[in-house]
Amino acid sequence: MMEKTTTGPQGSLTIRTLAMPADTNPAGDIFGGWVMSQMDIAGAIAAVERVRGRVVTVAVEAMTFIAPVKVGDVLCVYTRIERVGTTSVTVGIEAWVRRNRLDDRQQVTEARFVYVSLDENGQKRAIAAE
Ligand SMILES: CC(=O)SCCNC(=O)CCNC(=O)[C@H](O)C(C)(C)COP(=O)(O)OP(=O)(O)OC[C@H]1O[C@@H](n2cnc3c(N)ncnc32)[C@H](O)[C@@H]1OP(=O)(O)O
């Protein structure tokens, strides 16, 4: 599991979006799947920037849901490149919310997503050194 953050978000702010009523479960909280989707999108943005090409998600590792997301929360997803392999890139991802008129900030998830670099034909592509 990734180290718990104690001071604030780690990484670059990659996505900021609003949790809407359509994304709730019957209990009124936001679906975990919606939050994971936002994290996958943010991780893919970070991976595409690093590999400078198309990527596909191959694995989600160490996904932890720390606190619920509520309707009206502003979800902020932070990413950082943790590892670059031959064809894969591992992105550390944290989601935080701002709630109660944006006064409170709380971490809601953390995970590592792994992406594989593909060429235009969908074949694995070696990642070039930076
Ligand atoms: C099922 C879905 O629709 S999910 C939504 C979107 N995702 C997809 O569609 C991806 C479906 N999967 C695939 O197309 C294939 O598995 C691919 C192209 C991603 C990988 O192809 P494979 O031939 O299995 O790849 P291979 O085993 O060589 O691994 C490629 C890289 O991914 C890494 N990798 C593969 N599986 C995993 C895993 N479970 N966890 C972490 N890393 C992994 C490998 O370590 C390797 O990294 P490296 O080149 O940096 O050393």
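Is Phe-113 buried or exposed in this structure? I will come back to that in a moment, after reminding everyone that what we have in front of us is a predicted model, so please hear every value in that light.

To take the opening point, Phe-113 has a relative accessibility of 1%, and because residues under 20% are classed as buried, Phe-113 counts as buried at that value. Tyr-115 has a relative accessibility of 1% as well, and Tyr-115 is therefore also counted as buried. When the whole structure is searched for aromatic pairs, 1 turns up, and it is the one formed by Phe-113 and Tyr-115, whose rings are stacked, with 6.4 Å from centre to centre and 15 degrees between the planes.

Let me turn now to the ligand. The residues that surround the ligand are Val-56, Thr-57, Val-58, Ala-59 and Glu-61, then Gly-85, Thr-86, Thr-87 and Ser-88, and finally Val-114, Val-116 and Lys-124. If we sort this shell by class, we find 5 nonpolar residues, 5 polar ones and 2 that are charged. As for where the shell comes from, strand E2, which covers 54-65, and strand E5, which covers 104-118, each contribute at least two residues, and E2 provides the largest share, with 5 residues.

Which atoms of Thr-86, by contrast with side chains elsewhere, should we look at here? For Thr-86 it is a backbone N or O atom, which lies 2.8 Å from an oxygen atom of the ligand. For Ser-88 it is a polar side-chain atom, placed 2.7 Å from a ligand oxygen, and for Lys-124 it is again a polar side-chain atom, at 2.6 Å from an oxygen atom of the ligand. Taken on its own, the ligand has 1,000 Å² of accessible area, and the protein covers 41% of that.Let me finish with Arg-105, whose charged end sits over the ring of Trp-96, at 5.4 Å from the centre of that ring. Arg-105 can also be placed relative to Val-77, since the two are 28 residues apart in sequence, while their C-alpha atoms are 12 Å apart in space. Val-77 itself is found in strand E3, which runs over residues 74-84, and Val-77 is buried, with a relative accessible area of 0%.

Note on methods
Residues numbered from 1 in each chain as written. Predicted model: local features only at pLDDT ≥ 70, side-chain atom pairs only at ≥ 80, totals over all residues. Heavy atoms only, no water. Near = heavy atom within 4 Å. Polar contact = N/O pair within 3.5 Å; in protein donor to acceptor, adjacent residues only side chain to side chain. Areas by Shrake-Rupley, 256 points an atom, 1.4 Å probe, with all protein chains shown as cover. Helix = DSSP H or I, 4+ residues; strand = E, 2+ residues; numbered from the N terminus. Nonpolar A, V, L, I, M, F, W, Y, C, P; charged D, E, K, R; others polar. Phe/Tyr/Trp six-rings, centres within 6.5 Å; stacked < 30°, edge-to-face > 60°. Buried < 20%, exposed > 50% of the residue type's maximum accessible area, 1.4 Å probe, protein only. Lys NZ or Arg CZ within 6 Å of the ring centre and 35° of its normal.
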